[in-house]
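Student: I am new to this structure. Please take me closely through a single part of it, and then show me what else is worth locating.

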Amino acid sequence: MSSTKGQVIRCKAAVAWEAGKPLVIEEVEVAPPQENEVRIKILFTSLCHTDVYFWEAKGQTPMFPRIYGHEAGGIVESVGPGVTDLAPGDKVLPVFTGECRECRHCKSEESNMCDLLRINTDRGVMLADGKSRFTIDGNPIYHFLGTSTFSEYTVCHVGSVAKINPDAPLDKVCVLSCGISTGLGATLNVAKPKKGQSVAIFGLGAVGLAAAEGARLSGASKIIGVDLNTSRFEQAKNFGCTDFVNPKDHDKPVQQVIAEMTGGGVDRSVECTGSVQAMISAFECVHDGWGVAVLVGVPNKDDAFKTHPVNFLNERTLKGTFFGNYKPRTDLPSVVEKYMNKELEVEKFITHSVPFSEINKAFEIMLRGEGLRCIIRMED
């Protein structure tokens, strides 16, 4: 790949020209990386609900044409000036957030919310010069989340690129660069259940199942899956869930149902739906004295959380998390090692696979609510 260093690369990318319309495979020009940037050859990418949400352009500022995609794995093709910890040939995971290693957040052991590279859905250009690295016939195509992995080559800021074990299979670990790590880290890094404790998981999509997987890895004795879709319960057993509650099946608040199931409430809960009602239930279902509830789901901008202050005075704790509290460059390689050491089972999250030429099938699968993650093979 060294022969392409410093040159514009022509390759295929799936371009979204307008909201909700099928992506179009186009030939795009990908400029060389600028200062503190890395150009990556993407080998495998997967579809996350966030891609679909912004492609539909419901409730946020539309930005088209755009190249979506942010869960992926690839190989470094070339690096720009100032990049010292990555080299051509390195296996990497591009990440939708970043770690500049210089701001107060990055220097804090308690935060992963980098001032420079924190998620920004409204930015469609690179930080170095405010321009896109993608063009078609000289016309710019917007970036997405600083990653744009629905392209055979992409350019990312070095702070949003995690170098991983060279032996890691990219067709598996690519899913660790967003949703799976978010749910896993919410449990392992934030809720921190002790061995033998009980955990309630609200929402049994991919992120919620990853949170359940974290509870399983922690040695939780009872893992209660809460979802309005009963059809998800059987699959959730593979991720450690031992009990299930569908709020629609009860004429009392789900937090009361869970309290009755557990002798006063669960030790930990993780909310992965974005529903404010689920957030309230997740908080109010934890045991007084030591219960900890963790919010993962993203609510609507006008939502408000309401609970009685006595729930806090009774020594319940409410926490939030972003990307499972993982710092992308520092911590993500260790999540990959959990897979390599057979502690973490990634394969069960991957339910579909399609070639890049059929990327719209992945969108159809997700819109139908089928499966968890669909891998998109860039080379077939």
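Tutor: What follows is a close look at one β-α-β unit, then a short tour of other places. Keep in mind that this is a predicted model.

Start with the unit itself. Strand β13, helix α8 and strand β14 form a β-α-β unit, and it is right-handed. In residue numbers, β13 covers 268-271, α8 covers 276-284 and β14 covers 292-295. Find those three stretches before reading on.

Take the two strands. β13 and β14 run parallel, and four bridges join them. For one matched position, look at Arg268: Val292 of β14 stands opposite.

Now stay on β14. Which way do its side chains point? Val292 and Val294 point one way. Ala293 and Leu295 point the other way. Residues on both sides of the strand are buried.

β14 has another partner. Strand β15, residues 317-320, pairs with β14 in the parallel sense, again over four bridges. Here the position to find is Leu295, which stands opposite Gly320 in β15. So β14 has pairings with both β13 and β15, each of at least two bridges by the rule for pairing.

Next, the helix of the unit. Is α8 mostly covered or mostly open? Mostly covered: seven of its nine residues are buried. They are Val276, Ala278, Met279, Ile280, Ser281, Ala282 and Phe283. What lies over them? The cover includes the two strands of the unit, β13 and β14, and also β15. Helices α7 (254-262) and α9 (310-313) contribute too, as does β10 (198-202). One general point helps when reading a helix. An α-helix has 3.6 residues a turn, so residues three or four places apart point the same way.

β15 leads on to a pocket. The second largest pocket holds about 230 Å³ of space. β15 and α4 (179-191) are the elements that each give two or more residues to its lining. The lining has 13 residues in total, and Glu109, Glu110, Asn189, Val190 and Asn325 lie nearest the centre. By class, six of the lining residues are charged, five polar and two nonpolar.

Compare that with the enclosed space. There is one cavity of 30 Å³ or more. The largest cavity has a volume of about 140 Å³. Its lining also has 13 residues, with Leu117, Arg123, Gly146, His157 and Ser160 nearest the centre. The classes here are seven nonpolar, four polar and two charged.

Go back to the start of the chain for another strand. β1, residues 9-15, is largely enclosed by the rest of the structure, because five of its seven residues are buried. β1 pairs with β2 (residues 24-30) in the antiparallel sense, over seven bridges. Arg10 stands opposite Glu29 in β2.

Finish on one glycine. Gly73 sits in strand β4, residues 71-79. Why is it called buried? Its relative accessible area is 0%, and buried means under 20%. Leaving out residues up to four places away in sequence, Gly73 touches Ile42, Leu43, Phe44, Val92, Leu93, Pro94, Leu170 and Cys174. Val175 is 102 residues away along the chain, yet the C-alpha atoms of Gly73 and Val175 are separated by 8.2 Å.

Conventions. Residues numbered from 1 in each chain as written. Predicted model: local features only at pLDDT ≥ 70, side-chain atom pairs only at ≥ 80, totals over all residues. Heavy atoms only, no water. Buried < 20%, exposed > 50% of the residue type's maximum accessible area, 1.4 Å probe, protein only. Right-handed = clockwise from strand over helix to strand, strands pointing away. Contact = heavy atoms within 4.5 Å. 1 Å grid on protein atoms, 1.4 Å probe; cavity = no way out; pocket = protein on both sides within 12 Å on 5 of 7 lines; lining within 4 Å. Points joined across faces, edges and corners; volume = space filled by probe spheres on them. Nonpolar A, V, L, I, M, F, W, Y, C, P; charged D, E, K, R; others polar.
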